[in-house]
Amino acid sequence: MLRFIAGRLVLLFVTLLAASVVVFSISEFSPGSVARKSLGPYASQEQVESLTKRLKADDPLPLRYVRWLGVLAGVIDDPLQDPATGLDFHDPRGSRYFGNLGYSTLYKMPVNDVIWDRLGNTAILAGLAFAFIIPLSMIFGVLSGMREGSKTDRTLSTLSIVLTSIPEFASSVFLVTLFVILLPLLPGTSPLTESGQWSMASQLILPVAVLVIYDFGYVARMIRISMVEVMEKPYIRTAILKGLSPRRVIMRHALRNAMIAPFTVLLLQVNFLVSGVVVTELVFAYPGFGRMLLEASLFGDITLIEAATLITVTVAVVTQLLGDIGYMLLNPQVRID
Amino acid sequence: MTARPVLSIRNLQVEFRSGEARTLVVPEVSLDIMPGESYGLVGESGCGKTTTALAVMGYLGKGGRIASGNIFLEDEDLVKASPEHLRSVRGRRIGMVYQEPASTLNPTMTIGRQLLEVPIYHLGMSKAEARKLVLATLEDVRMPDPASIMQRYPHQISGGQQQRIVIAMALLARPALILLDEPTAGLDVTVEAVVLDLIMSLRKKYGTSLLFISHNLAQVAKVCDRVGVMYSGVIVEEAPVAELFGKSRHPYTQGLIACVPDVRAGKQHRTLMPIPGRIPLPSERPGGCFFGPRCMHAVKGLCDVSAVPLVQLADSVHAVRCLRAEEGVAPPAAVTGGELKVAPVLGEGLSVTGLSKIYDAPQGGKLVANDDLDIAAARGEILSIVGESGCGKSTFARIIAGLDTPSRGRISFGGRLLAEAGRKGRKAAAQRTVQMVFQNPDGTLNPSHSVGWPIRRVLAKFGLARSAVDVERRTRELFEIVRLPVELATRRPSELSGGQKQRVAIARAFASNPELVVADEPVSALDVSVQAAVVTLLLDIQRHNATTMVFISHDLALVRHIADRVAVMYLGKVMEQGTVEEIFSPPHHPYTEALLSAVSVTEAHQGGIRLTGDTPSPVNLPKGCRFASRCPRKLGPICDSEAPPVQAASPTHEIACHIPLEQLRNPPPLAARPGSAE
């Protein structure tokens with residue numbers, strides 16, 4: 001087991017490295033320069049060129065990548081923090097330390113100061129949404145899958161398909177119309193600041209609701225299919241013909257087996273919730289990770305994009321690892337020694 | 001027996017609904033099971049025997065319901081019982097044992113938890129009491145080390161052990177009746193024998209009544225007191241077991257008996273008599289006698305007029321649903337002796353020398369699937385490989401067919417090299433000469449192509465037909481050879497029955513005019529009557545084309561019936577090989593002896609030789625004889641430490657055993673052996 005986890009951690013490291021190379025190379029082809037975007041459309045070509053030089057953005061790609069890697073590992077000083085560049089980039093942690101993610105050209109702040117707050121905000125949103133998605137999807141999935149084709153099944157299935165097919169922006173607008181404009185019960189934006197009449201909790205309700213509505217139906221469908229399959233297994237017949245009550249059959253014999261296959265899908269939702277909630281964050285002006293990633297990409301803020309990539313890849317690999325471990329715990333036929 | 005029956009089914013009708021359509025799967029079944037009686041229900045798949053059992057349990061699944069009739073358990077009618085009441089009957093007063101124990105047990109619950117449920121739920125026992133009862137019952141079903149078994153998951157024990165767990169589960173609440181639905185399907189012959197012995201001894205101990213469902217007549221003959229033969233949802237004949245097998249009156253029963261191969265007779269002496277046609281679907285039952293269209297004794301204007309009643313014969317224990325029963329219709333005349341229906345032997349055929357196949361085991365170590373095999377068969381002969389699952393017979397088949405390469409040794413056919421260690425791939429010409437028929441006809445035909453497609457492909461790929469017209473003509477011929485209507489060529493596999501699919505598979509294998517055909521358990525998934533037809537067909541084609549055939553099987557009676565030469569394998573090694581006559585008469589290798597004893601008809605349940613334990617793992621094999629750990633005639637330490645010598649009982653008969661030939665020739669009587677007493 002320990003060897004298995006160690007192996008996965010090595011794999012994580014390799015994946016991180018590969019992903020960072022790919023992101024670096026791809027951002028090379030995105031149009032527009034950081035310098036032009038910083039200075040605005042009315043700056044002269046000379047100004048742009050001078051800033052590009054000072055940002056060392058015209059160095060060859062491999063050099064810039066190796067430099068980024070060196071700064072991250074804390075082997076070299078971040079050249080952009082050199083006062084000689086006149087960029088006024090200053091990281092209170094110093095210019096050389098392990099885990100230095102560089103300086104964000106977009107926010108004019110060290111990446112480490114930007115990204116963790118944003119990630120924390122998203123984690124709150126994602127965590128709350130996930131806490132609702134798990135029980136809701138399990139209840140919907142199990143109830144509809146335990147008697148395929150029954151009235152309950154058809155009702156719940158239709159409901160989850162409909163909810164899942166409504167795009168986030170549509171349900172956002174709908175909910176805002178309902179609870180902000182018609183019945184002014186909730187705030188329309190969620191900047192997560194304590195200003196005004198809206199408490200932090202009230203600011204979270206609508207974004208969480210949008211995410212839950214969008215996502216749980218899909219997971220419920222997965223659990224339903226698995227449940228339908230399990231209910232047809234001979235061992236369920238054995239349990240019924242042992243004389244067990246339907247409740248015991250479901251809870252003791254079907255549930256664990258039915259959760260084996262959808263478990264991975266359930267954990268994949270964590271990835272989606274961390275990096276894929278751009279639309280919701282944008283609609284509610286939520287200062288989250290997804291929105292930051294979008295802005296960084298539009299601006300071409302390579303250090304921020306890289307840092308976000310490392311985080312999302314880590315989240316993805318770790319959830320996969322958790323998925324595999326959970327799979328092993330659920331399914332005694334798969335055990336890795 | 002003056003007591004009331006434990007179970008009494010009266011005029012049971014079961015129908016299934018799907019949308020508006022209704023199908024009467026069971027039109028009428030009535031039967032009684034007395035206390036302590038073992039009642040056998042036999043018939044081909046689709047005859048409604050499992051449905052009848054599930055109706056007793058009140059569990060018919062989606063769309064199924066009891067349309068009319070009564071099911072009395074002692075004196076209460078289960079048809080009218082409420083769901084709550086049914087629950088108190090299931091598992092408590094009626095236990096059930098299913099086919100395929102592997103899928104019957106919950107894979108994510110320990111065996112202990114699954115067993116404990118029964119006494120806790122039904123008998124209201126405390127956990128400690130329940131545990132005591134479970135341990136005692138596990139002793140009853142002869143599980144070694146019950147306490148540790150309870151901790152394990154079903155996949156961690158063997159198939160035979162799994163079935164013993166299911167039997168223990170059925171026994172726990174001491175039910176009055178146990179329903180056994182093909183309890184030995186999918187188990188090896190030796191394991192099957194042990195499980196049947198166990199069922200019989202437990203029945204004696206607890207006086208439980210049994211409803212034993214099987215398609216295997218030999219098994220029913222061993223285990224049951226009374227037998228009902230089911231056909232298309234009705235019982236067509238019912239009689240005490242000796243009466244039924246000795247004096248069967250219904251042509252269907254006679255037909256079923258005639259198509260079962262007998263371990264005592266080879267192909268020179270007896271031809272299997274398949275029943276023509278197939279069992280009608282519930283929606284296409286004919287008027288009058290359901291068996292009429294397939295019956296050789298049917299009389300027009302008599303048998304096809306109105307429904308035939310089940311009539312008690314004069315002696316009152318024998319009932320038959322046949323209008324001509326009183327006339328005493330004769331069973332089909334068995335073709336015996338006379339013409340020697342064997343393909344001519346035409347010189348050098350298959351020659352396998354020093355063949356080994358070694359895999360790297362996932363847990364480390366070496367998995368020896370085939371170990372230094374030397375096997376030969378002359379051209380036109382049928383070589384049968386027998387042994388339990390895991391003995392390496394399928395690996396051997398795959399290597400001959402070219403699906404795998406040997407680790408050592410070589411295989412040649414007719415003097416030409418077919419396969420050799422280190423050589424990958426095979427020339428098209430060699431592929432053409434060796435073809436294979438696989439075990440499961442459902443899985444081997446591509447569901448998205450018509451069944452004619454693989455045959456046309458073979459013809460095109462090997463350049464055997466020049467034009468499209470040629471291909472069509474040859475396909476037509478092949479379908480005629482396997483006696484299928486040509487129109488079926490355009491159908492999808494899902495529209496064909498199992499027997500029809502296997503005929504297609506045979507046509508495909510013979511499409512390239514192969515000289516060697518490897519058949520891996522080709523009929524083990526088919527019903528007896530269909531099996532007889534397919535085997536007869538295979539033998540006909542083989543004889544006609546003088547094809548050499550390697551026939552892999554675990555069914556000794558079938559092997560006896562078709563083989564010229566037999567190799568008995570155990571854990572990758574040949575234990576004994578020789579002509580079919582030599583294998584089936586002494587001297588025997590102790591393993592062959594045990595296999596034969598397991599299927600023997602005469603020894604019934606008086607306890608023949610029973611192998612204990614399971615086949616050991618083929619990883620890191622013992623130095624001595626592979627069979628030593630289970631051998632009932634083990635000599636001593638020599639069997640564990642030294643590989644047995646290969647003794648030649650005749651120029652064609654080899655036995656690998658330490659026991660001198662003289663002793664093998666004269667086996668000691670069973671009673672004198674330890675562990676054989678029951």
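This report describes chain A, the interface between chains A and B, and one strand of chain B in a predicted model.

## Chain A

Chain A contains 13 helices and two strands. Along the principal axes, its C-alpha atoms occupy a box of roughly 85 × 60 × 35 Å.

Of the 337 residues in chain A, 46% are buried. Among the contacts in chain A with a separation of 6 or more, 66% are between residues 24 or more positions apart.

## The interface between chains A and B

The size of an interface is often given as the accessible area lost when the parts come together. Between chain B and chain A, the buried area is about 2,400 Å². Carbon and sulfur atoms give 56% of that area. In terms of residues, 25 from chain B are in contact with 21 from chain A.

Polar interactions are also present across this interface. There are 14 residue pairs in polar contact between chain B and chain A, counting pairs in which both residues have pLDDT 80 or more. On the side of chain B that touches chain A, the elements giving two or more residues are α3 (101-104) and α4 (111-122) of chain B. The most is given by α4(B), with six residues. By residue class, this side of chain B consists of 12 nonpolar, eight polar and five charged residues.

The two chains are further linked by two salt bridges. One of them joins the side chains of A:R252 and B:E117, with a distance of 3.0 Å from N to O.

## Strand β13 of chain B and its partners

Strand β13 of chain B covers residues 350-360. This strand runs antiparallel to strand β14 (residues 366-377) of chain B, and eight bridges join the two. Within this pairing, B:I358 stands opposite B:V368 in β14(B).

A second antiparallel pairing connects β13(B) to strand β16 (residues 408-413) of chain B through five bridges. Here B:S351 is placed opposite B:S412 in β16(B).

## Residue B:S356

B:S356 lies in strand β13 of chain B. Is this residue buried or exposed? B:S356 has a relative accessible area of 1% and therefore counts as buried, the limit being under 20%.

Leaving aside residues up to four places away in sequence, B:S356 touches B:N370, B:D371 and B:D372. It also touches B:P406, B:S407 and B:R408. Of these neighbours, B:N370, B:D371 and B:D372 fall within β14(B), residues 366-377, while B:R408 belongs to β16(B), residues 408-413.

Definitions and conventions. Residues numbered from 1 in each chain as written. Chains lettered and ligands numbered in written order. Predicted model: local features only at pLDDT ≥ 70, side-chain atom pairs only at ≥ 80, totals over all residues. Heavy atoms only, no water. Helix = DSSP H or I, 4+ residues; strand = E, 2+ residues; numbered from the N terminus. Buried < 20%, exposed > 50% of the residue type's maximum accessible area, 1.4 Å probe, protein only. Contact = heavy atoms within 4.5 Å. Buried area = accessible area lost by both parts, 1.4 Å probe. Salt bridge = Lys/Arg side-chain N within 4 Å of Asp/Glu carboxyl O. Polar contact = N/O pair within 3.5 Å; in protein donor to acceptor, adjacent residues only side chain to side chain. Nonpolar A, V, L, I, M, F, W, Y, C, P; charged D, E, K, R; others polar. Pairing = 2+ DSSP bridges.
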